[in-house]
Amino acid sequence: MELLSSAFGLVVGYIVPFLFVLTIVVFFHELGHFLVARWCGVKVDAFSVGFGRELFGRTDKKGTRWRLSLIPLGGYVKFAGDENAASVPDWERIEAMPAEERAGAFIAKPVWQRAAVVAAGPIANFILSIAIFATIFMLFGRIVAAPVVDVVQPDSAAAVGGLKPGDLIVSVDGDEIATFSDLQRIVSVSANVPLILDVKRGDETVTLTVTPQYRELKDRFGNVQRIGLLGVSRSVQEDDLIHEKFGPVSAVTEGTKETYYIASRTLDYIWGVISGRESADQLGGPIRVAQVSGQVATQGIIPLFSLAAILSVSIGLLNLMPVPMLDGGHLVFYAAEAVRGKPLSERVQDIGFRIGIAIVLLLMVFATWNDVLHLTRL
């Protein structure tokens, strides 16, 4: 009975939230490819959520097979003339097609249309993220605190830099600070980086240089976060709390800002890994996503949707990497085709796809290994 209870807890607590988040993100990514392909007159053979054997599905009037497949770790749209889910052309099949059927093949379309179809997947991910955040802002608004310093920890970066209780942070490096969250976001990614703060102190404004200290902190779930800290806490007096409400336009604006922040922070981290400034052990795979999904699900449906938005941005950026087999790799091939006036040779493309598969597999193995190590440290 205890084993059954543990298994039920695993399914409900981790697997269900994980599949909920991943299915939303994958479906909209593939929907982006699908809608633009239909608009360009490309025949779509299959739209699948998941890989492997089909569990159930249906075929629509235009011949597209909509299916839910056994392995729920992704999905794909397969176009007429494709050899597989990675849109590798099946040249023998294409040459054997009647002229009318060949006209609907993906490879037969102009390069700009193929590029539009491929780019539509990641773009759909960014639109999804904006839509989720905008909906949350419009329905619930948000409560924020004014960037007022309440307590300064002794020997902290703030104390060394000259911050005092009661200080109102006006700007950081020239960027206006409206809320305490704005300050936290900048500081958290600026460990050991000097920041110039404009501070309103009473009736005067002073300029201070503060260098956030590098710290490793554990959240309540045991996850390690490496961030910069000033060593201040915010004021939580009623006068310093602001309940922001948003209409449709302002909600979309804030959703766009939130999506941009996540994308820029992700790219900063990737560049930090490449340059050696950041550790690659923060890269996670399906196990980590499942774990985080379960943890976030305990906090409610809104945080879970927020996680879906964050994951959507990450998948959009991942797919734009210039790696053959990913969307970004296809876009590189199409850019080369546009410059040359003709496609790259079948051999070059085949070699590129093989290299891309190897890179993706290595990345998956590395991310999964990080997941396993992370679990052993909890």
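**Figure 1. Strands β7 and β8 pair in the antiparallel sense.**
In this predicted model, strand β8 covers residues 204–210, and 7 bridges connect β8 with β7. One facing couple in this pairing is V199 and V206, the latter in β8. The two strands form a hairpin, with 2 residues between them. Within the turn, G202 has a positive phi of about 70°.

**Figure 2. Strand β7 is also joined to strand β5.**
Strand β5 comprises residues 168–172, and β7 comprises residues 195–201. These strands run antiparallel and are joined by 4 bridges. Here S171 stands opposite D198, which belongs to β7. In a regular strand, the side chains alternate between the two faces of the sheet.

**Figure 3. F34 and F47 form an edge-to-face aromatic pair.**
A search of the whole structure finds 10 aromatic pairs. In the pair formed by F34 and F47, the ring centres are 5.8 Å apart and the planes meet at 80°. Because F34 lies in helix α1 (residues 2–39) and F47 in strand β1 (residues 44–59), the pair ties together parts that are 13 residues apart in sequence. F34 has a relative accessibility of 5% and therefore counts as buried. F47, at 2% relative accessibility, counts as buried too.

**Figure 4. The rings of F47 and W66 are stacked.**
The centres of the F47 and W66 rings are 4.6 Å apart, and their planes are at 20°, so the pair is classed as stacked. F47 is in strand β1 and W66 is in strand β2 (residues 65–79), so this pair ties together parts that are 19 residues apart in sequence. W66 is partly exposed, because its relative accessible area is 23%. Ring pairs link F47 and W66 into a cluster with F27, F28 and F34.

**Figure 5. Two arginine residues place their charged ends over aromatic rings.**
The ring of F137 has the charged end of R142 over it, at 5.0 Å from the ring centre. For R185, the ring concerned is that of Y261, and the charged end sits 4.1 Å from its centre.

**Figure 6. The largest nonpolar core contains 25 residues.**
Which residues touch the most other members of this core? They are V21, L22, I132, L311 and V313. Helices α1, α4 (111–140), α7 (248–275) and α9 (301–319) each supply at least two residues of the core. The helix that gives the most is α9, with 8 residues. Leaving aside neighbours within four places in sequence, I132 is in contact with F305, S306, A308 and A309.

**Figure 7. A second nonpolar core is separate from the largest one.**
This second core has 20 residues. Among them are I169, L183, V206 and L230. V206 is also the residue of β8 that V199 stands opposite.

**Figure 8. V249 is a residue of helix α7.**
Is V249 buried or exposed? V249 is exposed, because its relative accessible area is 67%, and a residue counts as exposed when this value is over 50%. Although V249 and A134 are 115 residues apart in sequence, their C-alpha atoms are 8.8 Å apart in space.

Technical notes. Residues are numbered from 1 along each chain as its sequence is written. Side-chain values use heavy atoms; hydrogens and water are left out. Rings of Phe, Tyr and Trp (its six-membered ring) pair if their centres lie within 6.5 Å; planes under 30 degrees apart count as stacked, over 60 as edge-to-face and the rest as tilted. Buried means under 20% relative accessible area, exposed over 50%, partly exposed in between (1.4 Å probe, protein chains only). A charge sits over a ring if NZ of Lys or CZ of Arg is within 6 Å of the ring centre and within 35 degrees of the ring normal. Two strands pair if DSSP finds at least two bridges between them. A nonpolar core is a set of buried Ala, Val, Leu, Ile, Met, Phe, Trp, Tyr and Cys residues joined through side-chain atoms within 4.5 Å. Contact means heavy atoms within 4.5 Å.
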